[in-house]
Amino acid sequence: MAQIDTLPPLRDVIAAHGLNAKKSLGQNFLLDLNLTSRIARSAGDLEDCTVLEIGPGPGGLTRALLAAGARKVVAVEKDSRCLPALAEIAEHYPGRLEVIEGDALKLDPVALTGGGNVRIAANLPYNVGTQLLINWITTPEWPPFWSSLTLMFQKEVGERITAEPGSKAYGRLGVLAGWRCKGGILFDISPKAFTPPPKVTSAVVHLTPNLAPLPCDQRVLERVTAAAFGQRRKMLRASLKSLSPNAEELVRQAGLEPTARAEEIDIVGFVELANIFKDAQAV
Ligand code: SAM
């Protein structure tokens with residue numbers, strides 16, 4: 001692939017700005033611009049949208065998103081050491097990159113992006129990635145402020161997000177994501193592609209909002225799945241007793257077997273359970 005821009009190679013950027021990776025910030029940098037371009041292309045048509053990127057670091061994915069034509073990238077970075085490197089990218093793409101120094105967990109993504117057509121793309125820091133995803137898929141308003149999520153996680157987390165009932169990876173995250181979103185794992189990325197290499201393989205996950213999820217109170221669904229998967233070896237009649245002494249009867253009313261275990265229940269079943277528990281004011 002030809003060079004994507006005339007900025008210096010990322011290795012030189014890292015050396016020039018002394019960006020030795022910090023484990024505490026989940027810093028595993030992708031320096032191969034072919035790979036970051038592949039991720040940027042997976043995010044869809046960027047020309048009419050604002051891309052929210054969390055954790056740009058030295059800017060590998062940021063550069064790919066801008067080279068792919070993103071109208072605007074809003075990038076939130078916690079590590080102030082990265083800001084001079086990101087300022088060089090902003091200068092190269094006048095008016096198209098806004099860098100915000102801060103903790104993405106504490107900032108309001110809607111206020112940052114100003115609404116409109118927003119896509120989120122990120123090589124997420126492993127220590128906050130799952131929480132950020134949960135925040136984005138549990139917004140009270142649905143459809144949400146974003147039209148797609150293109151995110152890199154540890155592969156094991158990607159598998160939990162996209163897991164089917166009956167599998168070992170199926171749990172709270174899979175139910176929540178499967179209820180509100182469509183999508184899956186696009187491709188894996190070897191540890192060798194990162195500097196420094198992490199211990200595990202990564203995966204790029206692409207999700208779009210399910211525009212008509214089954215009607216359900218999201219907080220109740222979260223409580224029911226938390227109770228059911230919190231004791232996943234137990235039968236539902238036992239694991240849901242923490243929510244109601246009538247758990248067995250309520251599970252039956254939901255059309256499910258009280259002796260079933262959480263991992264056997266599909267998303268429709270969990271929605272039904274949540275609705276029955278809510279009606280019975282058990283949660
Ligand atoms: N996007 C770059 C890449 O692909 O090479 C860096 C990815 S690195 C896995 C994660 C980045 O997230 C780091 O730059 C780190 O400093 C940043 N980060 C960690 N915690 C953060 C937080 N709470 N809010 C914003 N950025 C964070």
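**Exercise 1. Find the residue just after helix 3 that takes a positive phi, and give its angle.**

Solution. Go to the end of helix 3 in this predicted model. Just past that helix sits G69. Its phi is positive, at about 105 degrees.

**Exercise 2. Decide whether helix 3 is largely enclosed or open, and explain why.**

Solution. Start with the span: helix 3 covers residues 60-67. Next, pick out the buried residues, which are those under 20% relative accessible area. They are G60, L61, T62, R63, A64, L65 and L66. Now put this together: seven of the eight residues of helix 3 are buried, so the helix is largely enclosed by the rest of the structure.

**Exercise 3. Describe the largest cavity: its space, its lining and the helix that gives the most to that lining.**

Solution. Begin with a count: the structure has one cavity of 30 Å³ or more. The space in the largest cavity comes to about 50 Å³. Then list the residues around it: L7, P8, V13, P58, R63, A85, E88 and I89. R63 is already familiar as one of the buried residues of helix 3. Sorting the lining by character gives six nonpolar residues, two charged and no polar. Finally, look for the main contributor, which is helix 4 (residues 83-92), with three residues.

**Exercise 4. Now turn to the largest pocket, and work out what surrounds it.**

Solution. First, the volume: the largest pocket holds about 870 Å³ of space. Its lining has 45 residues, and those nearest the centre are L25, G26, Q27, P125 and Y126. Several elements give two or more residues to this lining, among them strand 1 (29-30), strand 2 (50-54), helix 3 and helix 6 (129-137). Strand 6 (146-154) also belongs to that group, and strand 6 gives the most, with three residues. By character, the lining divides into 23 nonpolar, 15 polar and seven charged residues.

**Exercise 5. How are helix 8 and helix 12 oriented to each other: roughly parallel or roughly perpendicular?**

Solution. Locate the pair: helix 8 spans residues 172-180 and helix 12 spans residues 267-279. Their axes lie 10 Å apart, and the packing angle is about 95 degrees. Angles of 65 to 115 degrees count as roughly perpendicular. The two helices are therefore roughly perpendicular to each other.

As a last step, see which residues meet. Helix 8 brings G174, V175, G178 and W179 to the contact, while helix 12 brings I267, F270 and V271. Of these contact residues, five are nonpolar, two are polar and none is charged.

Note on methods. Residues numbered from 1 in each chain as written. Predicted model: local features only at pLDDT ≥ 70, side-chain atom pairs only at ≥ 80, totals over all residues. Heavy atoms only, no water. Buried < 20%, exposed > 50% of the residue type's maximum accessible area, 1.4 Å probe, protein only. Helix = DSSP H or I, 4+ residues; strand = E, 2+ residues; numbered from the N terminus. 1 Å grid on protein atoms, 1.4 Å probe; cavity = no way out; pocket = protein on both sides within 12 Å on 5 of 7 lines; lining within 4 Å. Points joined across faces, edges and corners; volume = space filled by probe spheres on them. Nonpolar A, V, L, I, M, F, W, Y, C, P; charged D, E, K, R; others polar. Axes fitted to C-alpha atoms, helices over the stretch in contact; angles between N-to-C directions. Parallel < 35°, antiparallel > 145°, perpendicular 65-115°, else oblique. Contact = heavy atoms within 4.5 Å.
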